Amino acid sequence: MTKKILFISSTGGHLNELMQLKSLFDNYEYNIITEKTKSTIGLKTKYKEKIGFLVYGTKHNIITYPFKLIYNCFKSLYYYFKFHPDYIITTGAHTAGPMCCIGKIFGSRIIYIETFANINTKTVTGKLVYYIADKFIVQWPDMKKVYPKAIDGGWIY
């Protein structure tokens with residue numbers, strides 16, 4: 001039986017890192033979730049029904065962020081039950097946190113890859129997911145000091 005894998009990340013650098021794993025796509029039944037922006041909408045043409053979108057929202061807009069976060073939590077729940085993945089693989093950020101929590105509650109295995117951009121500090125999502133991830137991967141050896149139980153996976157670029 002083919003494993004179902006959900007790849008999820010926010011847009012930008014996190015999505016760029018996640019897409020470095022696209023060689024895995026053909027080996028599994030997969031779906032991708034990211035934020036809907038001008039730069040990601042074109043992915044619908046390539047991945048068709050394999051891609052889903054959440055609302056774009058950064059934590060920097062303190063007025064709208066809470067509402068977008070709540071909406072994305074519910075939409076993540078919808079996507080989770082639509083795809084029901086065996087594994088959730090993510091490179092972060094805030095978009096992925098709710099999905100990882102939902103997946104953990106309902107029995108999916110969580111694989112978190114801490115962003116390449118952080119060499120010696122924790123990300124907000126990394127702080128949350130570190131405790132629930134089945135595998136927590138860092139891309140820099142120094143990050144093992146920050147996340148002692150992490151696996152040094154090296155760069156994904």
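Buried means under 20% relative accessible area, exposed means over 50%, and partly exposed covers the range in between (1.4 Å probe, protein chains only). This is a predicted model, in which local features need pLDDT of at least 70, side-chain atom pairs count only at pLDDT 80 or more, and totals for chains, interfaces and linings use all residues. Residues are numbered from 1 along each chain as its sequence is written, and side-chain values use heavy atoms, with hydrogens and water left out. Helices (H or I, at least four residues) and strands (E, at least two) are DSSP runs, numbered from the N terminus.

**Salt bridges**

- A salt bridge here is a side-chain nitrogen of Lys or Arg within 4 Å of a carboxyl oxygen of Asp or Glu.
- Side chains of opposite charge can pair when their charged atoms come close.
- The whole structure holds 3 salt bridges.
- One of them joins D142 and K145, with the closest N and O atoms 3.6 Å apart. D142 is partly exposed at 39% relative accessibility, while K145 is exposed at 68%.
- D134 pairs with K104, with the closest N and O atoms at 3.2 Å. D134 sits in the loop between α5 and β6 (135–138) and K104 in helix α4, so this pair ties together parts 30 residues apart in sequence.
- R109 also bridges to D134, with the closest N and O atoms 3.9 Å apart. That pair links distant parts of the chain, with R109 in strand β5 and D134 in the loop between α5 and β6, 25 residues apart.
- K104, R109 and D134 are thus linked in a network of salt bridges.
- Each member of the network is partly exposed: D134 has a relative accessibility of 29%, K104 has 33%, and R109 has 41%.

**Helix α4**

- Helix α4 spans residues 96–105, and 7 of its 10 residues are buried, so the rest of the structure largely encloses this helix.
- The buried residues are A96, G97, P98, M99, C100, I102 and G103.
- They pack against β1, β2 (29–36), α3 (65–83), β4 (87–92), β5 (109–113) and α5 (124–129). Contact means heavy atoms within 4.5 Å.
- G107 follows α4 and has a positive phi, near 95°.

**S10 and the cis peptide bond**

- S10 lies in the loop between β1 (4–9) and α1 (13–18). S10 is buried, at 3% relative accessible area.
- A polar atom of the S10 side chain is 3.2 Å from the backbone nitrogen of A93. A polar contact is a pair of N or O atoms within 3.5 Å; within protein, one must be able to donate a hydrogen and the other to accept it, and residues adjacent in sequence count only if both atoms are side-chain atoms.
- Neighbours within four places in sequence aside, S10 touches L15, T34, E35, G92, A93, H94 and T95.
- A93 belongs to the loop between β4 and α4. The peptide bond from G92 to A93 is cis, with omega near -5°.

**Positive phi outside glycine**

- Most residues other than glycine have a negative phi, and most peptide bonds are trans.
- K48 is not a glycine, yet has a positive phi of about 45°. K48 falls in the loop between α2 (43–47) and β3 (51–55), and is partly exposed at 48% relative accessibility.
- H84, also a residue other than glycine, has a positive phi near 40°. H84 is in the loop between α3 and β4, and is partly exposed at 39% relative accessibility.
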